[in-house]
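This briefing covers strand pairing, helix packing, cysteines and annotated spans. Please keep the sequence and the model open while reading.

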Amino acid sequence: MQLKIPYSKGKMEINIPDENFLGILESHPEGKEQPGTQEEIVERALDNAIGSPKLEELVKGKKRMVIITSDHTRPVPSRVTMPILLRRIREANPSIDISILIATGFHRATTHEELVDRFGEDIVKNEKIIIHDSQDDAAMADLGLLPSGGKLLINRAAIDTDLLIAEGFIESHFFAGFSGGRKAILPGIASAKTVMANHCSKFIKSDKARTGILEGNPIHRDMLHAAKEAKLAFILNVVINAEKEVIAAFAGDSQEAHITGCDYVRTLAEIKRNPSDIVVSTNGGYPLDQNIYQAVKGMTAAEANCNEGGVIIMVAACNDGHGGESFYKTLKAAKTPRELLDQIETTPQEDTLPDQWEMQILARILDRFTVIMVTDLCDPQMIRDMHMEHALTFDEALKRAFEIKGKDAKVTVIPDGVSVIVR
């Protein structure tokens, strides 16, 4: 069996012996795409707002507005969506003052080059762009408390405006259920204190804080509250295919339009478990496979499909390194993943550490499975420090997996671990 799976900005060719190959788990958007070009899909969504007046109605009479958009770690096709949003807004209200707020969440700041890659030179040069800094509490507005009890601190630029909207994309998410919608606010433009309260160990441990689950999800509940308090008035959320092209779009009320989009993603992404001893997964290539931190997402799809004590082969470039200093150092300092997991699960909400949620999920996976990271763009010692094995090539990783599970072990491939919901 020969396959090409996403790796960085290209593909990696992998070969699996036929007698070991059990199957492929992937989403199936074919035939379910909304008709038209990417631009036509977006325009039609904006023409048919869900649960809300049209965007043009909302901007009338407003002096200032903020458009929240994703940072460099998310493949939002802003070169398609943002020009359409800006044009329609200014056609309805030529004098409105627009700021674009980059929702970095708990990530590092987006660079100029990454902004150009996302929007193109024209928008970066001519529009007012603000990059959120979750560590700068002086730039936050206090909106009270989350349902969980944590402080709700949101970027003041989004609060001190006449209209707040967001663009983004919807895919399954490994503990928020789905991306998009309310996530533009929390964690997108929230204080680190708010993010850490929302991502506490108790919530991450919940069996409702899993891929594709919204109902009863405590993390989602906090996020909905944050979006309501921030007065997120309108969203444009798209769904993309493996080529990062728009195949569907949903616009309107931040909750109703998001739910409609999530229901659509379920029809593409839900797949039946195909348990095996070796599971190959990816993070869908660039930009989500830039670091180990983000690569945990693709591992959770493999986790849902792997037999206890099995091997996860994670193909991710990780060219940007670990993705979080505390994430790396805490894992490195732990004697075993189980030791770290026990420590985190007894940590009170108010004492949540930076990146604790990612450590908790990775430790949960490492406690049950052997993870082999395949990359030729990341320091192998960094990977080993984090209790994973490293392989420069897929063949090397597969050979090692067979050494662990035996030459007759069955292999399942998940070409894009962040695009599927394994049930």
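Strand 4 (residues 64-70) and strand 5 (residues 97-103) run parallel and are joined by seven bridges. The model is a predicted one. The two strands belong to an open six-stranded sheet with mixed pairing, in the order 6-5-4-9-12-13.

**The sheet as a whole**

- Strand 6 (128-131) and strand 13 (246-252) form the edges of the sheet, each pairing on one side only.
- Direction ignored, neighbouring strands in this sheet are turned against each other by 20° on average.

**Strand 4 and its two partners**

- On the strand 5 side, valine 66 of strand 4 stands opposite serine 99.
- Isoleucine 67 has isoleucine 100 as its bridge partner in strand 5.
- The connection from strand 4 to strand 5 passes through helix 3 (residues 78-92), giving a β-α-β crossover that is right-handed.
- On the other side of the order, strand 4 runs parallel to strand 9, with four bridges between them.
- Isoleucine 67 also takes part here, standing opposite isoleucine 165 in strand 9.
- Strand 4 is largely enclosed by the rest of the structure, because six of its seven residues are buried.

**Helices packed on the sheet**

- Helix 4 (residues 112-119) packs on the sheet and touches strand 4, strand 5, strand 6 and strand 9 (163-169).
- The direction of helix 4 makes about 110° with that of strand 5.
- The buried residues of helix 4 include Glu114, Leu115, Val116, Arg118 and Phe119.
- Among the elements covering those buried residues are helix 3, helix 5 (121-126) and strand 6, along with strand 4, strand 5 and strand 9.
- Glycine 120 follows helix 4 and has a positive phi, near 95°.
- Helix 10 (residues 256-269) lies across strand 12 (232-240) and strand 13, and runs at about 155° to strand 13.

**Cysteines**

- How many disulfides does the structure hold? The count is zero.
- Cysteine 318 is in no disulfide: the nearest cysteine sulfur belongs to cysteine 378 and lies 5.2 Å away. A disulfide would need the two sulfur atoms within 2.5 Å, so this pair does not qualify.
- Is cysteine 318 buried or exposed? Cysteine 318 has a relative accessible area of 0%, so it counts as buried.
- Cysteine 262 likewise counts as buried because its relative accessibility is 0%.

**Annotated spans**

- An unreviewed UniProt entry places the feature "domain: LarA-like N-terminal" at residues 7-212.
- In the model, residues 7-212 are 29% helix and 25% strand, with the end C-alpha atoms 24 Å apart.
- The annotation "domain: Lactate racemase C-terminal", also from an unreviewed UniProt entry, covers residues 272-422.
- Residues 272-422 are 40% helix and 21% strand, and the end C-alpha atoms of this span lie 6 Å apart.

Terms used:
Residues are numbered from 1 along each chain as its sequence is written. This is a predicted model: local features need pLDDT of at least 70, side-chain atom pairs count only at pLDDT 80 or more; totals for chains, interfaces and linings use all residues. Side-chain values use heavy atoms; hydrogens and water are left out. Buried means under 20% relative accessible area, exposed over 50%, partly exposed in between (1.4 Å probe, protein chains only). Two strands pair if DSSP finds at least two bridges between them. Axes are lines fitted to C-alpha atoms, for helices over the stretch in contact, and angles run from 0 to 180 degrees between N-to-C directions. Contact means heavy atoms within 4.5 Å. UniProt positions are given in the numbering used here, feature names are shortened, and annotations may be inferred rather than shown by experiment. A crossover is right-handed if, with the strands pointing away from the viewer, the path from the first strand over the helix to the second runs clockwise.
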